[in-house]
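Subject: Structure handover: aromatic contacts

Dear colleague,

Please find below the structure for your records. I would be grateful if you could read the notes that come after it alongside the coordinates.

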Amino acid sequence: MIDYGKIINPTVRDIKPSGIRKFFDIAAEMDDVISLGVGEPDFKTPWHIRQAGIQSLRDGKTRYTANRGLKELRACIADYIKDSLGLTYDPETDVLVSVGGSEAIDAAIRTVVAPGDEVLIVEPSFVCYKPICELAGGVPVVISTKEENGFRLQPEELKAAITDKTKVLILAYPGNPTGAIMDRNDLLKIAEVLKGTDIMVISDEIYAELTYGEQKHTSIATIEGMKERTVIVSGFSKAYSMTGWRLGYALGPKEIISQMVKIHQFAIMSAPTTAQYAAIEAIKNGRDDIQDMLEEYDSRRRIIVDGFNKLGLECFEPLGAFYAFPSIKSTGLSSEEFCEKLLYSKKVALVPGNAFGESGEGHIRASYCYSIDHINEALKRIKGFLDELK
């Protein structure tokens, strides 16, 4: 018999599976489950974008593209970033088209993190950063943000976490699971701390287009002195409702992007060709689609935040992304206990806050990527659950 315990990489073995998936695996075996758990737009990819992908297949465009991605798409991405952020990137050297934003994050981390390097991870945060860091041999160093600070990274928290081994800071705003944002004044303070160091920033901006109210997204790369130390990661999944197309991108200094391209060459080759042609149409002609979806998300956001507050679950107001992150501390239950009991008793699937780091304990994540009727039914069931707890 083969002893697989001796064969499997211990780093891989010791990584915990995604905390997001646990409750959906259970829910998948149950009938009549209402889920507010998946961070995936419920809108279909707009028809004109799908048509562009279909037309590329009709035209026989089914071969590999350049490793970096189609030249036209890279140029479109560079133009879009110049228009939206005022930043100039050379599409020949500074842009990489990836398989979703996740691959770009992986390649960026593996490019700059060597064994023993410390990576600062601002939590609560999406679940992939810590495992990818560990797979690269890095040492994750968690900075726990606080609700009273709007889940924004504070300069004193950053300063306290930096050591002579710190290599990377991962910023993800607008944030998953909190919906928090950082404005220009916040980012200026973070940039001031980083000034004079060799610390790189990986800025995950996948929700950049999804911000509410007058406050629009600001990238840390727009702060003086930060562009040369920042890799921006984004993609088409959230803004254009293109999750299944698996297309993302990275922009950064050519010295970093060129090394990311090598990893991409050997691990992936090139991103899906059909998706790249669809993305060209999305980025050229999809801004009205973003606005339409954003307005609908905003309506849902107000309903779900108000709903949780009326239920006595104090809810931080998300100003970006499409998640609510209410506190369940008043129930006396842990995040996992709350979600498990709710799922079995009322068939509502949510994600426990501690899936996004220990600082998420005492909260739950609810996605509002669902219809208003769906959200209202979930809130109704949660009310019944809370009434039974009293």
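The notes below concern the aromatic side chains.

Please bear in mind that this is a predicted model. Searching the whole structure yields eleven aromatic pairs. One of them joins Phe236 and Tyr240, whose ring centres are 5.6 Å apart. The planes of these two rings meet at 35 degrees, and the pair is therefore classed as tilted, since that label covers whatever is neither under 30 degrees nor over 60. Both partners are shielded from solvent: Phe236 has a relative accessible area of 1% and is buried, and Tyr240, at 2%, is buried as well.

A second pair consists of Phe338 and Phe385, with ring centres 5.2 Å apart. Their planes stand at 90 degrees, so this pair is edge-to-face. Phe338 belongs to helix 13 (residues 335-346), while Phe385 belongs to helix 14 (residues 372-389). The contact therefore ties together parts that are 47 residues apart in sequence. Here too the side chains are buried, because their relative accessible areas, 0% for Phe338 and 4% for Phe385, fall under the 20% cut-off.

Two further features may be of use when you inspect the model. Phe43, Tyr207, Tyr297, Phe322 and Tyr323 together make up one aromatic cluster. Separately, Lys227 places its charged end over the ring of Tyr89, at 4.5 Å from the ring centre.

Yours sincerely,

A colleague

Conventions. Residues are numbered from 1 along each chain as its sequence is written. This is a predicted model: local features need pLDDT of at least 70, side-chain atom pairs count only at pLDDT 80 or more; totals for chains, interfaces and linings use all residues. Side-chain values use heavy atoms; hydrogens and water are left out. Rings of Phe, Tyr and Trp (its six-membered ring) pair if their centres lie within 6.5 Å; planes under 30 degrees apart count as stacked, over 60 as edge-to-face and the rest as tilted. Buried means under 20% relative accessible area, exposed over 50%, partly exposed in between (1.4 Å probe, protein chains only). Helices (H or I, at least four residues) and strands (E, at least two) are DSSP runs, numbered from the N terminus. A charge sits over a ring if NZ of Lys or CZ of Arg is within 6 Å of the ring centre and within 35 degrees of the ring normal.
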